[in-house]
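Subject: Structure for you to look at

Hello,

Here is the structure I said I would pass on. My notes on it follow below.

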Amino acid sequence: MLTAVPDTFTDSGAPTGRTAVPYRVLNPAGDLDIYARKSVSRKSRQDRELSVNQQISDGIRWAKSNGYTPRYVWVDNGISGSKDIRRPGYDAGIRSLDSGEITCLWCYKLDRFSRKGALAVLTIMDALEGKRIFFGADNLDTSNRNDRRMIMWRAEDAKEFSDQLSDRVSDAWRHSKEEGIWLAKLVPYGLKKNKKRKLKPDDSPAFPGNVEGPTKADVIRRIYQEADDGATGPKIVDRLNAEGIPAPGRAARWTPVHVYRILQNPAFIGFQPASKWYNRIDPCYRNDEGRRVRIGKPLVSEAQQMRAREKRMARTKVFGPNMRTQGDRSAAKYELTGILHCAGCGRLMTKSGRSYQCPHRIRAGEPCIAPASVVATYAEDFVFQAFRNRLAASDPGDALIQAVASRWLSAERPDAVSTKKDAETRLANAKAELQDLLDAKYKRKEFEGPSAEFFPKLKKEAEKAVKQCQKAYDSVPEGSADIGFLLDAELVREAWESATLEKKRMLLRLALDGVCVRKAFATGRTAVTPERFHYAWTGIPREIKPEAVSLAA
């Protein structure tokens with residue numbers, strides 16, 4: 001018996017659950033079916049590959065001149081004959097022959113029937129038992145023993161041609177990639193191709209027809225800037241959709257997936273992406289020397305992309321490798337949203353009613369060994385008092401104060417840090433190049449064999465670039481920030497009482513990376529005590545221990 005597929009399909013390849021629908025019905029009482037196939041069209045082969053209609057016409061003429069009545073025509077249009085994929089027309093024709101509905105299956109040529117080699121064709125031939133497959137242009141008949149060897153040779157020739165064609169296409173693609181040519185049909189949002197198929201910023205309007213509004217390239221830069229400022233993917237999406245900025249492609253709205261892929265795509269920093277780059281730790285394509293390949297002008301700096309990716313990862317590892325956070329999906333509505341964490345599991349606490357609670361208590365999900373809950377007014381008061389007292393008790397030279405000053409300068413006087421930040425960006429880019437090169441050598445083992453001789457020179461160049469950028473960075477003077485009011489407990493209280501919710505959150509985040517809240521020591525109504533709060537101060541190394549160990553500061 002011939003092998004038949006379990007499902008039935010239409011000529012388009014979609015499962016129907018019923019008898020397969022033939023491409024054309026000629027005479028339901030006939031005894032011969034025609035099988036026609038045309039591969040995925042390529043410009044170089046358009047004139048060499050006989051069209052489906054021409055194959056059908058030849059099959060009908062042969063059937064009538066050889067005493068057969070054509071019944072059905074089965075077609076696979078745009079489906080390869082060499083890959084392990086379902087061909088619904090082929091399956092239907094073989095099934096009809098196997099079931100005895102017909103006695104002959106006609107195919108224009110053996111390479112239209114299969115390009116999988118002699119073994120695939122031999123398997124079909126050995127199971128025919130009194131039935132035949134006739135290959136018209138080859139004039140070969142499976143029922144003729146004298147044709148058997150020739151059919152095997154032709155089948156192997158067809159497979160060899162397919163393999164060679166596949167190799168040539170692969171070589172051409174690899175060469176084009178190494179030349180920095182953009183090969184994909186679609187170009188990432190915010191970029192466009194020039195005549196040489198290199199990428200450059202897309203200056204077309206983000207709002208079609210509105211030349212006064214932002215360009216698509218501006219939208220990409222904005223996404224990176226907001227991510228650099230600490231915004232989560234869902235927050236960025238909410239703002240883009242709220243402003244009505246059209247989403248990429250045919251999407252109706254922006255989604256976090258759009259943002260996450262934009263923040264990872266190496267095309268935006270001017271490098272050729274690897275195949276399936278979005279699933280790779282290193283998304284850049286590399287040539288035989290281990291170098292990344294330039295695809296065009298960068299839209300954003302490599303340091304920006306690295307920071308955006310690192311901040312996304314940091315949000316999942318704020319208090320340790322086993323304590324994960326959950327990003328906000330909208331602007332924070334409460335004072336300690338995104339700051340309080342449950343000490344039992346490390347997840348961000350959620351405001352519910354009058355209390356901040358471990359999300360396990362509200363939405364369940366993964367179990368928490370000690371879900372915390374604390375009345376909001378008590379928590380907000382404890383955190384502010386700790387914030388005020390810690391700053392007031394610190395010396396100007398403390399690491400905490402230095403970190404607070406740096407954050408204050410970035411938030412309140414961005415102009416004062418722009419020059420320093422540019423130098424820092426160049427230094428980060430140089431370090432990223434060096435780190436990537438070292439990873440390629442020692443982690444990914446890419447500099448092995450003939451390419452090993454290139455590594456010393458590349459390493460020397462990368463180290464020289466780091467030293468030059470470090471020297472330039474050190475030569476830029478540091479900005480100064482007047483944060484004297486933060487060191488005075490009374491001035492801090494006055495500023496706090498007159499501040500908006502957004503300003504309060506900004507002040508807390510100057511000194512705090514987060515606050516862990518421990519579950520109450522006893523059940524029932526218990527007083528909220530300072531021992532339940534553990535503070536992660538910026539600039540100060542910390543080690544968070546398991547729940548079983550005291551988290552008191």
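Of the 553 residues in the protein chain, 45% count as buried. Please bear in mind that this is a predicted model. The chain exposes about 30200 Å², and carbon and sulfur atoms supply 50% of that area. It contains 16 helices and 14 strands. Among contacts with a separation of 6 or more, 60% are between residues 24 or more positions apart.

I went through two regions in detail.

The first is an open sheet of three strands with mixed pairing, in the order S9-S13-S14. Strand S9 (340-342) and strand S14 (533-537) are at the edges and have a single partner strand each, so one side of each is left without a neighbour in the sheet. From one strand to the next the twist averages 30 degrees. S13 (residues 512-517) pairs with S14 in the antiparallel sense over five bridges, and Gly-514 stands opposite Ala-536 of S14.

Two helices are placed against these strands. H11 packs on the sheet, where it touches S9, S13 and S14, and its direction makes about 45 degrees with that of S14. H16 (residues 501-511) lies across S13 and S14 and runs at about 90 degrees to S13.

H11 (residues 376-392) also meets another helix, H15 (residues 489-498): their axes come within 9 Å and cross at roughly 145 degrees. The crossing is right-handed. On the H11 side the contact is made by Phe-384, Gln-385, Phe-387, Arg-388 and Ala-392, and on the H15 side by Ala-489, Glu-490, Val-492, Arg-493 and Trp-496. Six of the residues in this contact are nonpolar, one is polar and three are charged.

The second region is around strand S5 (residues 132-135). Arg-132 and Phe-134 point one way from S5, Ile-133 and Phe-135 point the other way, and all are buried. If you look at one residue there, I suggest Arg-132, a charged residue that is buried in S5.

S5 has strand neighbours to check as well. S4 (residues 104-107) runs parallel to S5 and is joined to S5 by four bridges, with Cys-107 standing opposite Phe-135. S6 (residues 140-141) runs antiparallel to S5, joined by two bridges; here Phe-134 has Asp-141 as its bridge partner. S5 and S6 form a hairpin with four residues between them, and Asn-139 in the turn has a positive phi of about 55 degrees.

Regards

Note on methods:
Residues numbered from 1 in each chain as written. Predicted model: local features only at pLDDT ≥ 70, side-chain atom pairs only at ≥ 80, totals over all residues. Heavy atoms only, no water. Axes fitted to C-alpha atoms, helices over the stretch in contact; angles between N-to-C directions. Left-handed = near helix turned anticlockwise from the far one by under 90°. Contact = heavy atoms within 4.5 Å. Buried < 20%, exposed > 50% of the residue type's maximum accessible area, 1.4 Å probe, protein only. Areas by Shrake-Rupley, 256 points an atom, 1.4 Å probe, with all protein chains shown as cover. Pairing = 2+ DSSP bridges.
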